[in-house]
Structures are given as C-alpha cells and as structure tokens.
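Work through the exercises below with the sequence and the model open. Try each task before reading its solution.

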Amino acid sequence: AEPPAVAEQTLEEGREDACLLDEARAWIQREGGVVSDKLELRNFRPHGGRGIFLRAPVAVGEVLVSLPPSAILQPEPAPSSSSASSSRPAAGRLDFRLARRLLHEKSLADESAWKAYVNLIPADFHGMPVTWPRTLRDRLVFDLPRGAAGLCAESLAAEAREHDLSLLGLTWAYCAVASRAFERASRLLPVIDSCNHGFEPMAKVSGTTTVGSGGAQLEATRPGTAGEEVTFDYSGGRGLSNDELLVNYGFVLDENPFDFVDVPSSPARLGAALMLAGIISEEGAAEMEGLEQAVATPQWRIWRTGAGSELRADARSAVALASPGLAGDAAEEGANLVVQALVQLALAGLEAAPLLDSAALSPDVHEDMVAALRGYRDAKAELLWSALRSCDSGS
C-alpha cells in the first residue's frame, strides 16, 4: 500500500524489520540470488504497511534484487481434467492455486523452506474489501469495487469448502497473492513484492536477471539517494484507478490522475439533469417524450478533468431534444450545464449514501476497514468536486 510521506518507526520496530529482511536476504543468497545491502525494510505507523528504502545512493541500472527460480513461489499444479471434480467457474484459478500454495507454506511454520519469505508478508489485509463483511462492502456505493469484491468473497468461500481450508486463512493468502503476485498471479517475488507502488517509480521489475533465466530482477531506473523509497509501477505504465487499487491492493491515491466515476445512465437521470440545469421545467419533464433516444451508452464516465465523451454526447442529444431551437454556442452551453448537473447528481448521491451505521459496525469490522472505506469515498468525492470545477470553467 501507499505509505505516508513521513515514516515513523520505533527502535524496536526497526530492529524487527531489519531482522526480517536480513533473514530473507540470507535465504535468497543461499539460493544463489542477491539482495543489495543498500536496501532496508521500514514499517509505518499508524498505517501499518511496510516499504523498501535505500540506505545508500544507487545508480541507474544498479541491481537491487535478483531472484533465481528457486526463490520464486509458484502455484500448486493445475488439476488434471480427469481429477477435476468441480464445475465452478473459479475452479483451478491460477491466483487461487498460488494462494493455496502460500497458505500451505504458512501452515508449515518453521518447517517451511519459505519461512523467511512468509514472515515478510503482512499479518492482515484489512484495507482490501474482500475481507470486509457484506454490510461494509455495500457502503462502497459504486458497482465496480462492490461487485468485484463480493464475487471474489463468494468464490473464496466455495474454494475453502471444496479444499477443506480455513476461509480466514485462504482469504489472507488470496489477499497476499492479489496484492503482491506478478505475471497474472503466477509468481510471488520475495523482497521485490515488499516495494510499494509509485506512478513515478525509481525501479522496474524484469525477467532478465544476473542469475540466469527464469528468475526476476529489480533494478534502479534512475539515481536514488539514501532514505528514498524504492517503488515501481504496479500497472506497468497503463495506470490504475482507485477502484483497482482498493480491490487489488487495499489503498487509494489522492488526486489519482487515472481515477474515474462511472454513473449508470438513464432517461430519468437525464431528465433530472435537464431540470437542474434549467433547460426544462418540472411540467416540461413530465410531458417530454423520446429522452431514451439521447442515452447511447449504459454508463457515463466522469474524470477529474470533467466528463467523458459519452456523457457529453448524451448531454448534447438531450438538449437537442428538449430545446430544438438552441444552436451553436447556446446549445453547447446548455449541454455543459446538463453535464454539470449530472456531476452534481452523482456527488449528491455519494454524499447522501450512509458511510457507517449500526448495520455496518458489526464486531468483525476492523478500524482499518473503516479507514479504507472512508479514504475511498473521500477520494471519489474529491474527484467529483474536481470534475465540477472543470465543468464550471468550461473545460
């Protein structure tokens, strides 16, 4: 997860983290890999997450971590078609197989060859909605994260029953895989996966290593100074919305340039926006016909910088139907007012939705879950306010 700008750590926590990284470094070196002595692990309070930092300057191209295949955790073998007993769509999923392998290694405790790596993984993932009770997931408001987390929770429950596993343990292992695995959840890369995300990273991950083929490597892409955090881009350069970040990693980013809000489109919502924009009266809305013709897409996308092209196109169509006499700049101004109104309606809907109540605050709701939910909704509200300001400025 994304850490606070300033790290605060007690001396005891610092020693514990140093021991954890030293144990992992020694294990990886025994396997023939490399973990630079310039790296250190830090824990953040009250955030609770960890990150990798530099103890000394590094140069462009400097190898920070190099892992041989023997130090990369792979999934359980895929079930053969003859032995596969389940017809569930999720059966045999690569991420579930890797989660089962990780859970097995954790169950072995000191007997596991992967003990040093397992100890680096957080004890909980309260920021990820799949760990939340359904009553709290419903407070996410938007369909994308709520649906994805809910479907995954159902699949995990079925997976736990089928393999006679602890649901709590399997959920922990799945969260570790979802937030840390590489190459479509096919590999876990010790130490490398302790690095946090950055849209302007200082390192990159590649499959080309100094220890032979089949491994993985973390190398600096720009000079780094002592005390600087080592980050890489989780998205590989494509960008991640806060919905993806929350569901898959358990955190969100303020002012995320790749974030958006999707609003379900409907003639009723367009009619309400036309009234709010002053294009038609309440009586006119009741008499208006054919507004469904203006809805050309199932949902409208709103970015920080304003409305998406589909929303603007539907707003123009709605104005043309409601006020055929408007043309040119007047019609465009009317469409902009409708766009503003639709953003205002989305913002009002978000702010009106309850954040917490007695139904959501059950004994199994951890304070970190509430903090993650609040952060997500605050980020979405800030995005809509930013979009509204952009609409006001005519952009």
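**Exercise 1. A tryptophan in a strand**

Does Trp300 count as buried or exposed, and at what relative accessibility?

Solution. The model is predicted, so treat every value here as computed from it. Start with the location: Trp300 is found in strand S10. Next, take its relative accessibility, which is 1%. Buried means under 20%. Trp300 therefore counts as buried.

Now list its surroundings, leaving aside neighbours within four places in sequence. Trp300 is in contact with Val261, Asp262, Val263, Pro264, Ser265 and Ser266, among others. The list also includes Arg269, Leu270, Glu310, Leu311, Asp314 and Leu342. Finally, check one pair by distance. Trp300 and Leu311 are eleven residues apart in sequence, and their C-alpha atoms are 5.1 Å apart in space.

**Exercise 2. The two faces of S10**

Sort the side chains of strand S10 (residues 299-303) by the face to which they point.

Solution. Begin with the general pattern. In a regular strand, side chains alternate between the two faces of the sheet. Then go along S10. Trp300 and Ile302 point to one face and are buried. Gln299, Arg301 and Trp303 point to the other face and are not buried.

**Exercise 3. The sheet around S10**

In what order do the strands of the sheet S9-S10-S11 pair, and which are the edge strands?

Solution. Take the S9 side. Strand S9 (residues 260-264) and S10 run antiparallel and are joined by five bridges. Asp262 has Arg301 in S10 as its bridge partner.

Take the S11 side. S10 and strand S11 (residues 306-307) also run antiparallel, with two bridges between them. Here Ile302 is partnered by Ala307 in S11, and Trp303 stands opposite Gly306. A hairpin through two residues joins S10 to S11.

Put the pieces together. The three strands form an open antiparallel sheet in the order S9-S10-S11. S9 and S11 are the edge strands, and each pairs on one side only.

Add the helix that covers part of this sheet. Helix H10 (residues 309-322) lies across S10 and S11 and runs at about 120° to S10.

**Exercise 4. A four-stranded sheet**

Which strands stand at the edges of the sheet S1-S4-S7-S6?

Solution. Read the order. Four strands form an open sheet, S1-S4-S7-S6, with antiparallel pairing. Strand S1 (34-35) and strand S6 (203-206) each have a single partner strand, so one side of each is left without a neighbour in the sheet. These two stand at the edges.

Look at one inner pair. Strand S4 (residues 63-67) and strand S7 (residues 216-220) pair over four bridges in the antiparallel sense. In S7, Glu219 is the bridge partner of Val63.

**Exercise 5. Helix pairs**

Classify the packing of H8 against H11, and of H7 against H12.

Solution. Take H8 (residues 267-276) and H11 (residues 328-352). Their axes are 8 Å apart, at an angle of about 115°. That makes H8 roughly perpendicular to H11. The crossing is right-handed. At the contact, Arg269, Leu270, Ala272, Ala273, Leu274 and Leu276 in H8 meet Val338, Ala341, Leu342, Gln344 and Leu345 in H11.

Take H7 (residues 242-249) and H12 (residues 367-392). Their axes come within 11 Å and cross at roughly 170°. That makes H7 roughly antiparallel to H12. Asn242, Asp243 and Leu246 in H7 meet Ala372, Tyr376, Ala379 and Lys380 in H12.

**Exercise 6. Cores and the whole chain**

Which residues touch the most other members of the largest nonpolar core?

Solution. The largest nonpolar core has 63 residues. Val65, Leu102, Leu218 and Val230 touch the most other members. Helix H6 (residues 167-180) gives the largest share, eight residues. Another core, of 46 residues, lies apart from it and includes Leu136, Trp300, Val338 and Cys391.

Follow Leu102 outward, not counting residues up to four places away in sequence. Leu102 touches Leu73, Val118, Ile121, Trp172, Ala173, Ala176 and Leu188.

Close with the chain totals. The secondary structure comes to twelve helices and eleven strands. Of the 395 residues, 49% are buried. Among contacts between residues at least 6 apart in sequence, 71% join residues at least 24 apart.

How values were computed
Residues numbered from 1 in each chain as written. Predicted model: local features only at pLDDT ≥ 70, side-chain atom pairs only at ≥ 80, totals over all residues. Heavy atoms only, no water. Pairing = 2+ DSSP bridges. Core = buried A, V, L, I, M, F, W, Y, C linked by side-chain atoms within 4.5 Å. Buried < 20%, exposed > 50% of the residue type's maximum accessible area, 1.4 Å probe, protein only. Contact = heavy atoms within 4.5 Å. Axes fitted to C-alpha atoms, helices over the stretch in contact; angles between N-to-C directions. Parallel < 35°, antiparallel > 145°, perpendicular 65-115°, else oblique. Left-handed = near helix turned anticlockwise from the far one by under 90°.
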